[in-house]
Amino acid sequence: MRSKLCFLAGLLTTSLSLGTVRAAALVPSIDVAATGQKLDIGYHYRGPNAQSTDPGGVPRTVALGTTLPHWGFSYSSGGQTGLNVRLLGSNPFFYAGTTTIPVVLVPVRLSVAGVAGLGHLPLVQDASTIISHVLASPIFSPGKFSTGSMQFGDALVRSEFPTAPSGWHLQLAVSVGAVLNISATTANVTTYLSRSGSRIAVITDHAVLDNAFAARMASYGPNTLVMFITYNAPDSDALGYHTSYGTAATGTKVFGFSTWFENVSDIMKVPITDSVVLSHEVAEIIHDPFMADPSTSVAWGDPFQNNACQQADIEVGDAVEYAPAVQRFSYVLTNVNGQTKTYTLQNMALLQWFMRIAPSGWARNAYSFPSPTTLTSAAPVRCT
């Protein structure tokens, strides 16, 4: 069963070998530096629903086997019963300590042959050159949030469970894996030159990334969250996605893909930079890690597109994708080795928004985080 993503006209979905589903995005063939036009690249499309359903569409609980630490609960909303939430971490009502999730960052080194203007040399987009920036971001280093100095994912779930014990935390313990080398040509990659001289390499053939990811995932077990990072190199359908696959016998593996952008904001209509996409993907993995056993709600509508129906899965980043830039992003300070830097995060919808809980129970009756002003009321029970 595929989830319906309603926010693009001319929607196209493609099934991939690992159960990932993407929606097509428009990537115009333009010389950005010469024309001053902007790329309208698809922001995020998740690969969700390899789920089984009982008659009536109620998700079946699937035996996940060995996988990442997680917990969950069922609830009722809008006249629907049996709705499920699956979260990475541990239940704060039974455990007051820190749950640690091992995370491996896999930097992708993309080499593209045949790019005009480079002579006989390939264009190389090497994420290993910016991996220190990724590690210093508030995704993996403590950031300054209203909940205190902590990682972004930890701060996010603490805002959703404000009565949790003070010692209850979700910690991402990160390490860096071997560089994943991927070769491509202009037959499956389109490049764009920014006014600053930096380039974006848009991968138009999904197999370029997907096959490489699948091969590398064979090296990791189900107890590790793997995040593949490209540098200024999105898929033509997605700046990032997340998915899971496996069986009860083999265990369920979870991985995500995220593009890290620097020095190319002038190319894009929305100035997406540094940790924006990674924050989106990590937040959604925390809240909906398992495709076969998804976190669900009453079908919700986009609050910035006239409540237009999106999906029933709880995707905390998707609900804020159409927000104006001033509402979409938060700017968070981190302090690494005595140096302070500002990173950009996407604001996320809280669980209370999807569950239609009023009041939210969070500060200022907020339904979004880090900014409490992006969503200030729960989702309507019916979308349009």
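Let's start at the beginning of the chain: over residues 1–31, pLDDT stays under 50, and the model has 87 contacts beyond four places in sequence for this stretch. What you're looking at is a predicted model, so it helps to know where the predictor's confidence is low. A second such stretch covers residues 43–62, where pLDDT again stays under 50 and the model has 76 contacts beyond four places in sequence. For the protein chain, the mean pLDDT is 84, with 84% of its residues at 70 or more.

Now for the general picture. The protein chain holds seven helices and 21 strands. Of its 384 residues, 57% are buried. Take the contacts with a separation of 6 or more, and 67% of them link residues 24 or more positions apart.

What sits inside? The largest nonpolar core has 64 residues, and Val134, Phe152, Leu278 and Trp353 have the most contacts inside it. Helix α5, spanning residues 276–287, gives the most to this core, with five residues. Apart from it lies another core of 26 residues, including Val115, Ile203, Phe228 and Ala238.

Leu278 is a good residue to zoom in on. Leaving aside residues up to four places away in sequence, Leu278 touches Val134, Ile139, Phe140, Met227, Ile229, Ser258 and Trp260.

Helix α5 also has a helical partner. Helix α3 (residues 152–160) packs against α5 at an angle of about 50°, with the axes 10 Å apart. That angle falls outside the ranges for roughly parallel, roughly antiparallel and roughly perpendicular, so α3 and α5 are oblique to each other. The crossing of α3 past α5 is right-handed. On the α3 side, the contact is made by Phe152, Gly153, Leu156, Val157 and Glu160, while α5 brings Ser279, Ala283, Ile286 and His287.

Finally, some backbone oddities. Most residues other than glycine have a negative phi, and most peptide bonds are trans. Here are some exceptions:

| Site | Feature | Value | Location |
|---|---|---|---|
| Ala358 and Pro359 | cis peptide bond | omega about -5° | Pro359: loop between α7 (351–355) and β21 (368–369) |
| Phe369 and Pro370 | cis peptide bond | omega about 5° | Pro370: segment after β21 |
| Asn263 | positive phi | about 65° | loop between β15 (251–260) and α5 |
| Asn307 | positive phi | about 60° | loop between β16 (296–302) and β17 (308–313) |

Is Asn307 buried or exposed? With a relative accessible area of 14%, Asn307 comes in under the 20% cut-off, so Asn307 is buried.

Note on methods. Residues numbered from 1 in each chain as written. Predicted model: local features only at pLDDT ≥ 70, side-chain atom pairs only at ≥ 80, totals over all residues. Heavy atoms only, no water. Core = buried A, V, L, I, M, F, W, Y, C linked by side-chain atoms within 4.5 Å. Buried < 20%, exposed > 50% of the residue type's maximum accessible area, 1.4 Å probe, protein only. Helix = DSSP H or I, 4+ residues; strand = E, 2+ residues; numbered from the N terminus. Contact = heavy atoms within 4.5 Å. pLDDT = per-residue confidence, 0-100. Axes fitted to C-alpha atoms, helices over the stretch in contact; angles between N-to-C directions. Parallel < 35°, antiparallel > 145°, perpendicular 65-115°, else oblique. Left-handed = near helix turned anticlockwise from the far one by under 90°.
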